[in-house]
Every structure is written in structure tokens, then in C-alpha cells.
Amino acid sequence: MLVNQTAPIPSPHATTRPKISRPSVISQDEALRRILAHVQPLSPRAVELWQAVGSFAAEDVSARFASPPFDNSAMDGYAVVASFCTPGARLRIVGEQPAGLDRGLRMAAGEAIRILTGAPLPVGADAVVMQEDVRSEETEIVINERVEEGEFIRRRGGDVAEGQKILSRGERITAQIAALLAAQGFAETNVGGAARATIISTGDELAPAGAALQPGQIYDSNSVLLHALLTNCRAQIIRAEHCPDRAAEIEAAIRRALDSSDILILTGGVSVGARDLVKPALTAAGATLDLWRVAVKPGKPFLFGRAAQCLIFGLPGNPVSAFVTFQLLVRPALMKLMGAAEHHLLLPVVTAAIADAASNPGDRPHYLRGILRDGIFTLGGRQESHALFGLSRANALLQVQPRTTLAAGASASVLLLD
Ligand code: AMP
Ligand code: MG
């Protein structure tokens, strides 16, 4: 018998049961794709090189000139003509070339010029012998060992050719890259714009740091968490405020944020409880809600929306959920906003052996917190979404796919935290 597998199986109680509408949950990849589609990189700005470190290059940069710019000595020693330097040969010292000012010296076979590291090579010389490898007398040196042509000479352009690309648009500028730019005579460079960020934490139960806790209250840790994560990503926090669970107050705070921010992050109040007022407050403030509920654990009630130029993220209140959804879904958007190339958007992933077995019977990828050391990932602390202690130890997230069991010792994907 042929069975039509796509036809719904009628429930015997279909007519008596109340209809529950369950909003669909979006996959992590689909959520990220939709979010990134709405991100336009901010206008670039010119900054001093040391300030550029950690930002993303706004344009390709090419070498202005060959480097080294002239042939020079890699050692303190003597410039010589290599073919003349058989062991025992005696060379007459005819001058000295220090680093810094090219004296335009010339020399011939049988002669030596005292030379210092970084000093321009005299015309006629084709090698440098280290001062440790000669015996020096008053006006002469005696060669101890054979000398190869080109020895201890740093050739013009040997490191960087003129016009060579030294920085690509979207690349993260490191201290080393800043040094390379400085060596090329740049004082400033163009980097992606700094995102202006606002943080709003919501919840009647939250007390600010430093206040005395009333019975039933907890401290607001997400504000600090987000402040730090955003700062790590080089965003500029322009406001952080807390709202009780009152729609009008949340709406007013959202309105204050929208004009001045490129990114608004709310925490708490995005789930399905009666006190989860962030969604209606965003709608009342005129924001568009693009997605709500993403298939990740922890962090399902994640929300993304927009208003004018501002990207809006609603993160679950549980601190671990807020952390994980920030890493998976907010950080990539922020990176793109600030001009990062595609390969910088996601946290780096490595394969590691897991010390403990891990099982995910659910239908969402599960991100477990732990410590990666010497290629081995060890779970750290309780794996519940309120459990900050384990998170505080973690330097990596283990990704366990839905309906997957990993035995101890198995290889698995681990995301490296900044
Ligand atoms: P919610 O998402 O508002 O339902 O909150 C979920 C859980 O996270 C509750 O236990 C809250 O008390 C807690 N929570 C919410 N916001 C914060 C915050 N800013 N800092 C620490 N915990 C929070
Ligand atoms: Mg709440």
C-alpha cells in the first residue's frame, strides 16, 4: 500500500483540543544569515597607528617603497669582497660606516670597512664578516674562515617590494601590522568606524553593583558582561541603563537609545513570561522585529530587530545565555559593522579531544563551557544557563550537535573565546 508521508495524521482529539500557536524557532545559521544581511559597515575613520590596533583596515594598503630601502649590514663587523677572503688573508681597514648616515664609501678587494648593524653597504663590498670571525690588528684584520658572497647583507627590497600589498581591507590590525605600516612611513591608517552601543538591562529583581541586596534580588551582572564584551570588540558604549519590568519605561529607554546608537543590546524580558516586555516595547518604539527564538542552547529566546540605522539585539536574561548568544549572533554583526572581513566574523574553531563524555539529546546545538588546554577540552562547572562560575573559568565553548553523543576522548569542534 502506498502511504502519503506528507499528509498530516489527524488527531483523534483535533476538534476538542485548544489550538496553541508555537512561533517557529530559527536555525542558528539562518538567524546569522538574516542578521548579517541587515548590517552595513560604518563609515571609516583615520586613526593614529597605535590606536588602530584591534580595529579592521578600511582599505588595502601597499608598500610605498622597498624595504629594506638600501643594502645594509646584518651584523657588526667588516664589509669585504668575499672572493678575497680565504682563511689567513689580511685586509687593510680603509674606513668606518656607522648606521644612520650613508658616507658613500667605496672599497676594493684586499680592503675592509668597519661596519655596524643597519649601516649602508659600501660600494664594492659583497659580504660582511662578523667581528667575532676575524682577528683585528691596528690597521688590518685577518680572516679566519671562508666568506660566502652575500653573507650578512640585508638586500634592498628583501623583506618587502615596492607596491607589495601589506594590508588587506577587513583585516584586523595587530601591533605587528601597525609596526609594518610605521616602517613604511605611515602615521595614520583608515579603519572601520567604532560602533556606538547602548545596553539596557531589564528586570524587577536586579540591583545595581554596590547597592544593598533586598530579599529576592540579584545583582545585575549582564550589564558588566556586555559592557566588557562590547569594549573587547572595540565598540564605544555611549549609555548603559537598567529598567524595571514596565513597558513604558523600557520603551522610553529604547527611544533614548535609537537616535544615538548603531547597536542596542537589551537583556532579560525576551522570553514568553507575562513580564517579558521587551518585544512589545520595541514594537511601540517603532522598531522592526526580524527574528525571535533561535535554535541554540543556551539562548533560545534571542531576538533581533532594527530601527533606522540601529541594530537591536534582545538577549535572554540568564547570564550564560546572554554570553553565548552574544558570541554566536551579536559579535559577528558587530564585527561586520566595524569593517571586519568575513573570516573574522565568527569565533575561531579548532578540533580538540574532549576529556568528558558529552551528550545532546535535544534538537538544538548545545554550547558547553570549559577549558581548552594542550588540545584537550575539559568541561568547567555546572552547565546551566545561570551558572556564571563555570563560565568565568571558560576559555572555549564545546559545540555538541543535536541528537549527538560524544564519548570521552572523541574529537569535537571547540570555539575559542577572545
Ligand atoms: P529573563 O530573561 O528576564 O526571564 O531572565 C532570566 C533569568 O536571568 C532570571 O533568573 C533573571 O533573574 C536573570 N537575569 C535577568 N537579567 C539579568 C542580569 N542583567 N544580570 C543577571 N541575571 C539576570
Ligand atoms: Mg526578566
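This report walks through a predicted model of a protein chain with a bound ligand, from its domains down to single side chains.

## The overall layout

Let us begin with the domains. The chain is split into four parts: domain 1 covers 28–42 + 194–344, domain 2 covers 45–67 + 166–191, domain 3 covers 72–154 and domain 4 covers 349–416. You can see from these ranges that domain 1 and domain 2 are each made from two separate stretches of the chain. How far apart are the centres of domain 1 and domain 3? Taken over C-alpha atoms, the separation is 65 Å.

## A sheet of six strands

Now look for an open sheet whose six strands follow the order E7-E4-E6-E5-E9-E8, with mixed pairing. Strand E7 (127–130) and strand E8 (134–136) are the edge strands, and each of them pairs on one side only. From one strand to the next, the twist averages 35°. Strands of a sheet pair through backbone hydrogen bonds, and they can do this either parallel or antiparallel.

Strand E5 (residues 90–97) and strand E6 (residues 111–115) pair in the parallel sense, over five bridges. Within this pairing, Arg-92 stands opposite Glu-111 in E6. The loop between E5 and E6 holds Ala-108. Is Ala-108 buried, partly exposed or exposed? Ala-108 is partly exposed, because its relative accessible area of 39% falls between the limits of 20% and 50%. If you compare Ala-108 with Val-94, they are 14 residues apart along the chain, and 9.8 Å separates their C-alpha atoms.

## Strand partners in E21

Strand E21 (residues 349–354) has two partners to find. With strand E27 (residues 411–416), E21 runs antiparallel and is joined by five bridges. Here the bridge partner of Val-350 is Val-414 in E27. With strand E24 (residues 376–379), E21 runs parallel and is joined by two bridges. In this case Ala-353 has Ile-376 in E24 as its bridge partner.

## Salt bridges

Next come the charged side chains. Side chains of opposite charge can pair when their charged atoms come close. How many salt bridges does the count give? It comes to 17 salt bridges. The table shows three of these pairs, with the distance between N and O atoms.

| Arg residue | Partner | N to O distance |
|---|---|---|
| Arg-33 | Glu-30 | 3.0 Å |
| Arg-146 | Glu-148 | 2.9 Å |
| Arg-196 | Asp-262 | 3.0 Å |

Arg-33 and Glu-30 both belong to helix H1 (residues 28–37), where they are three residues apart, about one turn of the helix. Glu-30 has 26% relative accessibility, so it counts as partly exposed.

In the second pair, Arg-146 is exposed because its relative accessibility is 61%, over the 50% limit. Its partner Glu-148 reaches 44%, and so counts as partly exposed.

The third pair joins Arg-196 and Asp-262 in a salt bridge. Why does this pair tie together parts that are 66 residues apart in sequence? Arg-196 sits in strand E13 (residues 196–202), while Asp-262 is in the loop between helix H5 (247–260) and strand E17 (263–267), so the link joins two separate places along the chain. Arg-196 counts as partly exposed because its relative accessibility is 30%. Asp-262, at 5%, lies under the 20% limit and therefore counts as buried.

Salt bridges can also be shared among several residues: Arg-90, Arg-135, Glu-137 and Glu-140 are linked in a network of them.

## A buried asparagine

Asn-72 lies in strand E3 (residues 72–73). With a relative accessible area of 4%, Asn-72 is under the 20% limit, so it is buried. A polar atom of the Asn-72 side chain lies 3.1 Å from the backbone oxygen of Phe-70.

## Around the ligand

Finally, turn to ligand 1. Which of the 15 residues around ligand 1 come nearest? They are Glu-205, Asp-220, Gly-269, Gly-317 and Asn-318. Asp-220 uses its side chain: an N or O atom there is 2.8 Å from a nitrogen atom of ligand 1. Gly-269 takes part through its backbone, with a polar atom 2.9 Å from an oxygen atom of ligand 1. For Gly-317, a backbone N or O atom lies 2.9 Å from an oxygen atom of ligand 1.

Note on methods. Residues are numbered from 1 along each chain as its sequence is written. Chains are lettered from A and ligands numbered from 1 in the order in which they are written. This is a predicted model: local features need pLDDT of at least 70, side-chain atom pairs count only at pLDDT 80 or more; totals for chains, interfaces and linings use all residues. Side-chain values use heavy atoms; hydrogens and water are left out. A salt bridge is a side-chain nitrogen of Lys or Arg within 4 Å of a carboxyl oxygen of Asp or Glu. Helices (H or I, at least four residues) and strands (E, at least two) are DSSP runs, numbered from the N terminus. Buried means under 20% relative accessible area, exposed over 50%, partly exposed in between (1.4 Å probe, protein chains only). Two strands pair if DSSP finds at least two bridges between them. Axes are lines fitted to C-alpha atoms, for helices over the stretch in contact, and angles run from 0 to 180 degrees between N-to-C directions. Domain bounds come from an automatic or database domain assignment. A residue is near a molecule or strand if one of its heavy atoms lies within 4 Å of it. A polar contact is a pair of N or O atoms within 3.5 Å; within protein, one must be able to donate a hydrogen and the other to accept it, and residues adjacent in sequence count only if both atoms are side-chain atoms.
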